[in-house]
Amino acid sequence: MTKIYDFSIFDQNNRSISLEIYKGNVLLIVNTATGCGLTPQYKGLQHLYTRYQNQGFEILDFPCNQFMGQAPGTAEEINRFCSLHYQTTFPRFAKVKVNGKEADPLYIWLKEQQAGPLGKRIEWNFTKFLINREGQVVKRFSSKAEPKEIEESLQKLL
């Protein structure tokens, strides 16, 4: 069975990084956008990260420009926006595609593990996948699920 640690992703400088470095942590993987009506969720995500990071929790932020072009700009511009407006400190990676023929392999796998309201498609920005310490997807949260709604499920895994 494939686990999340079998994947490599690209950091914002397009360097390949193995997700093995997160082994043993609880992960929340989110496709994000800086120009979306849901962008204020960054505040709640940062709150979760600040509260639980020292217990082995990591948020992996994947900007995605597939939904109405709501994640424009370079990695530097996205970082600056998130730092200035939401003071985010969790890891952010290179932009990805989450649907279609060019979908990132990680997202193909995530969607196979947990289908959503549109089947395997990601419905919008800020879809969230909660991963246990063994590298398995345990829950998928819709774009509209506020970060505070994830907290109870997160606490059970920590």
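**Exercise 1. A pair of strands and the sheet around it**

Lys-128 stands opposite Phe-141 in β6; starting from this pair of residues in the predicted model, work out how β5 and β6 pair, and then place both strands in their sheet.

*Solution.*
Step 1. Strand β5 covers residues 128–131, and Phe-141, the residue opposite Lys-128, belongs to β6.
Step 2. Between β5 and β6 the pairing is antiparallel and extends over 4 bridges. In general, the strands of a sheet are paired through backbone hydrogen bonds, in either a parallel or an antiparallel way.
Step 3. The whole sheet is open and is formed by 4 strands, which follow one another in the order β4-β3-β5-β6, with mixed pairing. The edges are taken by β4 (57–63) and β6 (137–141), each of which pairs on one side only. From one strand to the next, the twist averages 20°.

**Exercise 2. A helix across the sheet**

Find which strands helix α3 lies across, and then describe the aromatic pair that links this helix to strand β5.

*Solution.*
Step 1. Helix α3, made of residues 105–113, lies across β3 (26–32), β4, β5 and β6, and it runs at about 110° to β3.
Step 2. The structure holds 10 aromatic pairs, and one of them is formed by Tyr-107 and Phe-129, with 6.2 Å from centre to centre and 80° between the planes. Because planes over 60 degrees apart count as edge-to-face, the pair of Tyr-107 and Phe-129 is given that name.
Step 3. Tyr-107 sits in helix α3 and Phe-129 in strand β5, 22 residues apart, and the pair thereby links distant parts of the chain.
Step 4. Tyr-107 has a relative accessible area of 0% and is therefore buried, and Phe-129, also with a value of 0%, is buried as well.
Step 5. Elsewhere among the aromatic residues, one cluster is formed by Tyr-42, Tyr-49, Phe-81, Tyr-86, Phe-90 and Phe-126.

**Exercise 3. An annotated cysteine**

Locate Cys-36, decide whether it is buried or exposed, and name the residues it is in contact with beyond its neighbours within four places in sequence.

*Solution.*
Step 1. The UniProt record, an unreviewed entry, lists Cys-36 under "active site".
Step 2. Cys-36 is found in the loop that lies between β3 and α1 (41–52).
Step 3. The relative accessible area of Cys-36 is 10%, and since buried means under 20%, Cys-36 is buried.
Step 4. When its neighbours within four places in sequence are left aside, Cys-36 is in contact with Gln-70, Trp-124 and Asn-125.

Methods: Residues numbered from 1 in each chain as written. Predicted model: local features only at pLDDT ≥ 70, side-chain atom pairs only at ≥ 80, totals over all residues. Heavy atoms only, no water. Pairing = 2+ DSSP bridges. Helix = DSSP H or I, 4+ residues; strand = E, 2+ residues; numbered from the N terminus. Axes fitted to C-alpha atoms, helices over the stretch in contact; angles between N-to-C directions. Contact = heavy atoms within 4.5 Å. UniProt positions renumbered as here; feature names shortened; annotations may be inferred. Buried < 20%, exposed > 50% of the residue type's maximum accessible area, 1.4 Å probe, protein only. Phe/Tyr/Trp six-rings, centres within 6.5 Å; stacked < 30°, edge-to-face > 60°.
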